[in-house]
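Here are my notes, written with the bench in mind. Have the sequence and the model open while you go through the points.

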Amino acid sequence: MTRLSRRDVLKLGGLALTAPYLGSPRWARGLTAVGSFPVPPRLPLIRPEPGLVEAELSAAWTQSAVAGTTARLQTYNGSFPGPILRLREGERVRLWFTNNLGEPSNLHMHGLHVPPSIDNPFLSVSPGETTVYEFDVPANSAGTYWYHPHLHMRVARQLFGGLAGVIVVEGRMDRQLRRRGADEYVVVLKDLSLVNGAPEAHNPFDWMSGKEGNLLLVNGAVQPVLVPRTSLLRLRLLNASNARYYRLALEGHPLFLIATDGGFIDQPIELNELLLAPGERADVLVQLNTAGNFRLLNLPYDRGSGHGMGGMHGGGHMGGMHGGSTGSTAAPDVLMTIAAGENPPRSLPSRVGLVEPLAPAPGDVHRRLVLGEAMMGFQFYLNGRTFDEARIDFQGRLGDLEVWEIDNRTGMDHPMHLHTYPFQVLSRNGVPEALRAWKDVVNVRAGEVVRIAVPLRDFTGKTVYHCHIVEHEDRGMMGVLAV
Ligand code: C2O
Ligand code: CU
Ligand code: CU
């Protein structure tokens, strides 16, 4: 990474910001940039009547700007990452989805509390077909969500190929933060490997470890430079990678966590580092009180993905197949640089939300979910089984508060995700969770037992839970919950 001075950065793009993407031979459709930091376009919305929002998304292979070059990717509306769907609490959304991929796909609104009959992973949208997804954005759901394909056995390839976009739900606190001067950016962390100008195909080991790419992209760019307009920066972080974990730290600055997967927490929490597993989101505030260049780092994290490879891994001929950040001895990667100017300091809010406490009672439904493996990690199981869409694994009752105990008996971390019903983490290995927060993905470390509280509210139907290392999901590490 070349170190840019503040003046260089201003020369490159400046503060007004419709600068061309550095080194890109062709400017991507609709993307704007701050410094060299690409900002995904906003999905154009039509508001045919008050409270109703309509938009169109189409998935196709397109020639797209990525990593300072162009490549043939699978994209939504030709944009990588996909356009940002910006919604407000309480409004009705009608989303027209057209599949031009040449293979079946569908759309999933990851994290949004909407009926499973609408956000339906069992639905296949054929090539050339248009489907409408119509749902209400729940009250009090302000937060960062995302959309991506969810057709079983095709998720890993379509997500790796580029199909992912952010959904922002705005509420009162977002307006308050803006009034405070918070300069807000969506930050999509997604790795990718390109071969002959297209996403690299999976190899057999990718189906075991989850596929990691050698390009660590931030909104599709390698090590972009962001020039914030104020001293209070708000980042909406999404890990849209198939399998890569990000252990984030910003040079010289703590990160103030204000929201998790399901929206705002009670008050900002100061963190020196933040682990983001696949599928997870985090909103952070950063106070930039001195001018300078500060790098956002991805610190080494061992998610145990070498497990089961035995002598193969130690023998060295597997070495190049992994991104290098999964071993515990690797050096940090630089994801992006924040080039802060001299701006008047801004204060942090003292409260940002109010998370309802969930207090399970002894009589509540208690479930166990055991994560197991066979063939040295080439196959993973939930309670000894692989996914069967015709089978109901858990039968729940509307209105119940359930406690799920997730017991990871494998040698690898698994980010476990539940559709439809946001949950709260109660404990990890018996240690009560200090942070009260709404989540839809929880990382369960190798050998760990995590307890979560799941309120089955508002909607009945058939939904799924699965590992968000999407190769594991495609290989059957998924189950059906019917309510
Ligand atoms: Cu983001 Cu079922 O997944
Ligand atoms: Cu999901
Ligand atoms: Cu997994």
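**Notes on the model**

1. Let's start with threonine 144. Leaving out residues up to four places away in sequence, Thr144 touches Val166, Ile167, Arg236, Asp261, Arg281 and Asp283. Bear in mind here and below that this is a predicted model. Threonine 144 sits in strand 9, residues 143-148, and is buried, with a relative accessible area of 1%. One of those neighbours deserves a second look: the side chains of threonine 144 and aspartate 283 make a polar contact at 2.9 Å.

2. Next, helix 3, which runs over residues 172-179. Which residues of helix 3 are buried? Met173, Asp174 and Leu177 are. These three fall on the same side of helix 3, because they cover an arc of only 105 degrees around the axis. Look at the other side of the helix and you'll find Arg172 and Arg179, both exposed.

3. What covers the buried residues of helix 3? The cover includes strand 10 (165-170), strand 16 (232-239), strand 18 (255-260), strand 19 (263-271) and strand 21 (281-287). Just past the end, helix 3 is followed by glycine 181, which has a positive phi, near 100 degrees.

4. Now the metals. The copper ion listed as ligand 3 is coordinated by ND1 of His414, SG of Cys467 and ND1 of His472, at 2.0 to 2.1 Å. Along the chain, the donors of this copper ion have the spacing H-x52-C-x4-H. Histidine 414 belongs to strand 28 (residues 414-418) and cysteine 467 to strand 33 (residues 462-467), so this pair ties together parts 53 residues apart in sequence. How accessible are the two? Histidine 414 counts as buried because its relative accessibility is 0%, and cysteine 467 is also buried at 0%.

5. The copper ion listed as ligand 2 has two coordinating residues, His108 and His417, each through NE2, at 1.9 Å. Histidine 108 is in strand 7 (residues 108-110) and histidine 417 in strand 28, so to speak a link between distant parts of the chain, 309 residues apart. Histidine 108 is buried, with a relative accessible area of 1%, and histidine 417 is buried as well, at 2%. Note that strand 28 turns up at both sites: histidine 414 of strand 28 is a donor for ligand 3, while histidine 417 of strand 28 is a donor for ligand 2.

6. On to a sheet. In what order do the strands of the open five-stranded sheet run? The order is 15-23-22-17-20, and the pairing is mixed. Its edge strands are strand 15 (225-226) and strand 20 (274-276), each of which pairs on one side only. Strand 15 pairs with strand 23 (residues 333-340) in the parallel sense, over two bridges. If you want a spot to zoom in on, leucine 226 stands opposite isoleucine 338 in strand 23.

7. Last, the rings. How many aromatic pairs does the structure hold? There are eight. Among them is phenylalanine 37 with tyrosine 185, edge-to-face, at 5.8 Å centre to centre and 85 degrees between the planes. Phenylalanine 37 lies in strand 2 (residues 37-39) and tyrosine 185 in strand 11 (residues 183-192), so the pair ties together parts that are 148 residues apart in sequence. Both phenylalanine 37 and tyrosine 185 are buried. Elsewhere, Phe394, Trp404 and Tyr465 are linked into a cluster by ring pairs.

Conventions:
Residues numbered from 1 in each chain as written. Chains lettered and ligands numbered in written order. Predicted model: local features only at pLDDT ≥ 70, side-chain atom pairs only at ≥ 80, totals over all residues. Heavy atoms only, no water. Donors = N, O, S within 2.8 Å, 3.2 Å for Na, K, Ca; no water. Helix = DSSP H or I, 4+ residues; strand = E, 2+ residues; numbered from the N terminus. Buried < 20%, exposed > 50% of the residue type's maximum accessible area, 1.4 Å probe, protein only. Pairing = 2+ DSSP bridges. Arc of directions from axis to C-beta. Contact = heavy atoms within 4.5 Å. Polar contact = N/O pair within 3.5 Å; in protein donor to acceptor, adjacent residues only side chain to side chain. Phe/Tyr/Trp six-rings, centres within 6.5 Å; stacked < 30°, edge-to-face > 60°.
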